[in-house]
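Colleague: Before I rely on the labels attached to this model, could you take me through the reasoning behind them, one at a time?
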Amino acid sequence: MRKQLSFKTQENQRFSVPQKALLLRKETWERRMRKQLSFKNKETWERKMKKRIFVRILVGFLFFILLLIIVLFLIRFFSEKQIDDVSPEIPCEPSLLKKVDVLYVIPKFNDKSIAENKSWCEQIKGLDKKLAMHGVYHTYNEFLEDRNEEYLNEGITIFEQCFGFYPEKFKPPQLEISKNNKKLIKQKMNLDALFNQIFHKVYHCNDSGGASNNLVDWF
Ligand SMILES: [Zn+2]
């Protein structure tokens, strides 16, 4: 005959295994019920539940934001580094020019054409970086005001005279550009604006950007 498994309780009562399982479930259920009944009333319990749900949503939201920041950090870390406001008229740390991949050059800052400064053009070409165009005169919100083809062509010609090739990319000063200017630029070059700035580390000669060069280094 098969011997049934059994054990003794503290009071020396003998129970079989299925009986003990039943007893444990009953005890757990009773404990839960006691806990629930220990709340002063149903309202207290509901308030606690609402608080718990709120905390869970908040933690989920913060986790999502943290995840976005980490993804953005990684994209910026591995993307090409850029520098804006490159001009012989604006002081620029040589170490800064060396560590970036793309230089955004202003063709005629302070009304002085870069094409007239041949040694500077050679020096910049010698860095062996990608070169792009950054406005024409780089006045405040220069391309928020509608410009014509002639205006844009002046910058393109100066750029070509300095570096010997046609610029493929254009970034408007302060990243501001009107609808008509967008159309005009896109007929001739690729346009880099806000999205480009978000997904790349962008330094500024003279450290004049919205975010300091130190901050850009860090993030
Ligand atoms: Zn600029």
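Colleague: Which helix lies between β3 and β4, and what kind of unit do the three make?

Modeller: This is a predicted model, and in it β3 is followed by helix α3 (residues 94–99) and then β4, the three making a right-handed β-α-β unit. The handedness is judged with the strands pointing away from the viewer, and the path from the first strand over the helix to the second then has to run clockwise.

Colleague: How do you know that β3 and β4 are paired in the sheet, and in which sense, parallel or antiparallel?

Modeller: Pairing requires at least two bridges between the strands, and β3 and β4 have 3 bridges in the parallel sense, so the pair qualifies under that cut-off. Within this pair, Ile83 stands opposite Leu103 in β4. β3 also pairs with β8 in the parallel sense, again over 3 bridges, and there Gln82 stands opposite Val202 in β8.

Colleague: What is the order of the strands in the sheet, and which strands stand at the edges?

Modeller: The open sheet has 6 strands in the order β7-β6-β5-β4-β3-β8, with parallel pairing. β7 (190–191) and β8 (202–204) each have a single partner strand, so one side of each lacks a neighbour in the sheet, and these two are the edges. Elsewhere in that order, β4 and β5 pair in the parallel sense over 4 bridges, and the chain passes from β4 through helix α4 (residues 118–126) to β5 in a right-handed β-α-β crossover. Strand β5 (residues 130–134) is in turn joined to strand β6 (residues 169–171) by 2 bridges, the two running parallel, with His134 opposite Lys171 in β6.

Colleague: Why is Tyr104 called buried?

Modeller: The label needs 20 or more other C-beta atoms within 10 Å of the residue's own, and Tyr104 has 27, so Tyr104 is classed as buried. Tyr104 is found in strand β4 (residues 102–105), where Val102 and Tyr104 point one way and Leu103 and Val105 the other, all of them buried. Strand β3 (residues 82–86) is also mostly covered, with 5 of its 5 residues buried.

Colleague: Which residues surround Tyr104, leaving aside its neighbours within four places in sequence?

Modeller: Tyr104 is in contact with Gln82, Ile83, Asp84, Val86, Ala132, His134 and Lys171. Ala132 is the bridge partner of Tyr104 in β5, while Asp84 lies 20 residues away along the chain, with the two C-alpha atoms separated by 4.8 Å.

Colleague: What makes Phe78 exposed, then?

Modeller: A residue is called exposed when 12 or fewer other C-beta atoms lie within 10 Å, and Phe78 has 7, so Phe78 falls in that class. Phe78 is found in helix α2, and its C-alpha atom is separated by 8.5 Å from that of His200, which is 122 residues away along the chain.

Colleague: How do you know that the length of helix α2 agrees with what its 37 residues should span?

Modeller: At 1.5 Å a residue, helix α2 (residues 42–78) should span 54 Å, and its end C-alpha atoms are 54 Å apart, so the two values agree. The helix is hardly covered, since the count of buried residues among its 37 residues is 0.

Colleague: Why is the chain described as more spread out than a compact globule?

Modeller: The chain, which has 8 helices and 8 strands, has a radius of gyration of 34 Å, whereas the globule rule gives 17 Å for 219 residues; the value is well over the rule, so the chain is more spread out than a compact globule. The C-alpha atoms fill a box of roughly 105 × 45 × 30 Å along the principal axes, and buried residues make up 22% of the 219 residues.

Colleague: How is the chain divided into domains, and how far apart are their C-alpha centres?

Modeller: The assignment gives domain 1 (6–76) and domain 2 (80–218), and their C-alpha centres lie 59 Å apart.

Methods:
Residues numbered from 1 in each chain as written. Predicted model: local features only at pLDDT ≥ 70, side-chain atom pairs only at ≥ 80, totals over all residues. Rg over C-alpha atoms; globule rule 2.2 N^0.38 Å. Expected span 1.5 Å × (residues − 1). Contact = placed C-beta atoms within 7 Å. Domains from an automatic or database assignment.
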